[in-house]
Amino acid sequence: MAFVSPGVPADLVHAVRASFRSAYGRPADVVGRAPGRVNLIGEHTDYNAGLCLPVALPHATCAAVARRDDDRVRIASRQEPRMWEGDLASSGPGHPTEWASYAAGVLWALREAGHAVPGLDIYVDGTVPLGAGLSSSAALECSVAVAVAKLVGLEPSDDVRRELAAACVRAETEVAGAPTGGMDQTVSLLARTDCALLIDFDEHSTRQIELDLEPAGLVLLVTDTRVTHSLNDGGYAARRADCEHAVARLGVASLRQADLVDVEGLADERVRRRARHVVSEIARVELAVRAIEDADWARVGDLFEQSHASMRDDFEISCPELDAAVETAVEAGAVGARMTGGGFGGSSVAVVPQERVEAVARAIDARFAAQGFRAPAHLRAVPSAPAGICAD
């Protein structure tokens, strides 16, 4: 039974500073830190002007950064064997490619927004599982963004954090080529400890929802299926295109303005199912917020079950491993469980009684072994703090 530790923050900062010095032969000027996230409910709703309810994880990425006296950029990572090197002028849509695009894209987007970003050396390291649907890409982007903001003198007000989130979204969509909707960057920069963040992408607003699980004796258990999750492999873009087709056929500004009666009138069966998921999922977010505020965890569990079924059957973004993790968690004592993130692999999230956490994890491990799946990993999702600058 493998549990992924978030690590000790001070140890991670010390390690990334040491790695920076080893890579570049000089100390870093500043270290930014940004968390990954797990979404409680509200999947594929962000780019449909809907609602979602993520929390920041204790697992995070750190970016050590130092100014250069030219316009060169060097980006290295403990998780990647090759350093990327280029210049500020050459970074932009489509370049660089692969992992470095997420960091270099942030520099490009901040320059596009009018900030005097200098040449930089960057080294990144972290504990957010890669490819697990827990937003390792946004954690990378946001850690770089807060570090660069510190270097160029931006104070971390909520308005600045929203501006940084927008820059990170541009990095991911325009440079890295992953057509995401902004949930991940928003929660990484605006989360609060012991809260979930209700994000309204129609009103462009956020609200902190207190998530005090301890009095109820509950824990958020995330299971990484180890099925590689990627946002730029075509599946995510195809679902987004189906939603855009539904919007065009319905003649509305977004699926936020549609209801289930409207959706059931769509002639294309696949597009109808895609739109039905989004419209019903937005409604489930509202119901989940009410249930959390009322500490009605049985209702939350029911909504998790409905959400997973909708993603499995209507949006078709689950997989056998995710279905097994969700089914087994509930059978072993979870209040509720669902897949989380963009889908096509990645992770599930379950609300589990404290005393059943290890039993649920063992049951999932046994199910995976019996079905010949790769062994999963687990982590405890404690609602955590937003991105910020790390003290020495």
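Me: Two strands pair if DSSP finds at least two bridges between them. With that in hand, over how many bridges do β1 and β3 pair?
Reply: A quick word first: this is a predicted model. Strand β1 covers residues 30-39 and β3 covers residues 54-67. One place to look is R33, which stands opposite C62 in β3. The two strands pair in the antiparallel sense, and the number of bridges is nine.

Me: Which strand is joined to β3 by seven bridges?
Reply: A good residue to start from is A63, whose bridge partner is V124. The strand that holds V124 runs antiparallel to β3 and spans residues 120-126. That strand is β6.

Me: Is β3 largely enclosed by the rest of the structure or left open?
Reply: A residue is called buried when its relative accessible area is under 20%. In β3, 12 of the 14 residues pass that test, so the strand is largely enclosed.

Me: Let's move to the small sheet. Which strands are at the edges of the open sheet that contains β7?
Reply: Three strands make up this sheet, in the order β2-β7-β8, with antiparallel pairing. An edge strand pairs on one side only. That describes β2 and β8, the latter being residues 205-210, and the edge strands are therefore β2 and β8.

Me: Which residue of β7 stands opposite C52?
Reply: Strand β2 is short, covering residues 51-52. Two bridges join β2 to β7, residues 195-200, and the two strands run antiparallel. Across from C52 in β7 you will find I199.

Me: Is L51 buried or exposed?
Reply: L51 lies in strand β2. Leaving out residues up to four places away in sequence, L51 touches several others, among them G42, T45, L198, R256 and I282. The relative accessible area of L51 is 5%, and the cut-off for burial is under 20%, so L51 is buried.

Me: How far apart in space are L51 and D392?
Reply: In sequence, 341 residues separate L51 and D392. Taken from C-alpha to C-alpha, the distance in space is 37 Å.

Me: In the hairpin of β10 and β11, which residue takes a positive phi?
Reply: Strand β10, residues 336-340, is mostly covered, with five of its five residues buried. It pairs with β11, residues 347-353, in the antiparallel sense over five bridges, and A337 stands opposite A350. Six residues lie between the strands of this hairpin, and the residue whose phi is near 95° is G341.

Me: Which loop holds the proline that follows a cis peptide bond from H95?
Reply: The bond from H95 to P96 is cis, with omega near 0°. To find P96, look past β5, residues 80-87, and ahead of α2, residues 100-112. P96 lies in the loop between β5 and α2.

Me: D194 also has a positive phi, although it is not a glycine. Is D194 buried, partly exposed or exposed?
Reply: D194 is found in the loop between α5, residues 183-190, and β7, and its phi is near 65°. Buried means under 20% relative accessible area and exposed means over 50%. At 43%, D194 falls between those limits, so it is partly exposed.

Me: What is the phi of E316?
Reply: E316 lies in the loop between α9, residues 297-313, and α10, residues 320-331. E316 counts as partly exposed, at 35% relative accessibility. Its phi is positive in a residue other than glycine, with a value near 55°.

Me: Stepping back to the whole protein, what is its radius of gyration?
Reply: The secondary structure comes to 11 helices and 13 strands. For 392 residues the globule rule gives 21 Å, and the protein's value is close to that, so the chain is as compact as a globular protein of that length. The radius of gyration is 20 Å.

Me: And what percentage of the residues count as buried?
Reply: The C-alpha atoms fill a box of roughly 60 × 50 × 40 Å along the principal axes. The protein exposes about 15,200 Å², with carbon and sulfur atoms supplying 48% of that area. Of the 392 residues, the share that counts as buried is 59%.

Notes. Residues are numbered from 1 along each chain as its sequence is written. This is a predicted model: local features need pLDDT of at least 70, side-chain atom pairs count only at pLDDT 80 or more; totals for chains, interfaces and linings use all residues. Side-chain values use heavy atoms; hydrogens and water are left out. Helices (H or I, at least four residues) and strands (E, at least two) are DSSP runs, numbered from the N terminus. The radius of gyration is taken over C-alpha atoms; the globule rule is 2.2 Å times the number of residues to the power 0.38. Buried means under 20% relative accessible area, exposed over 50%, partly exposed in between (1.4 Å probe, protein chains only). Accessible areas come from the Shrake-Rupley method with a 1.4 Å probe; for residues, only the protein chains shown count as cover. Contact means heavy atoms within 4.5 Å.
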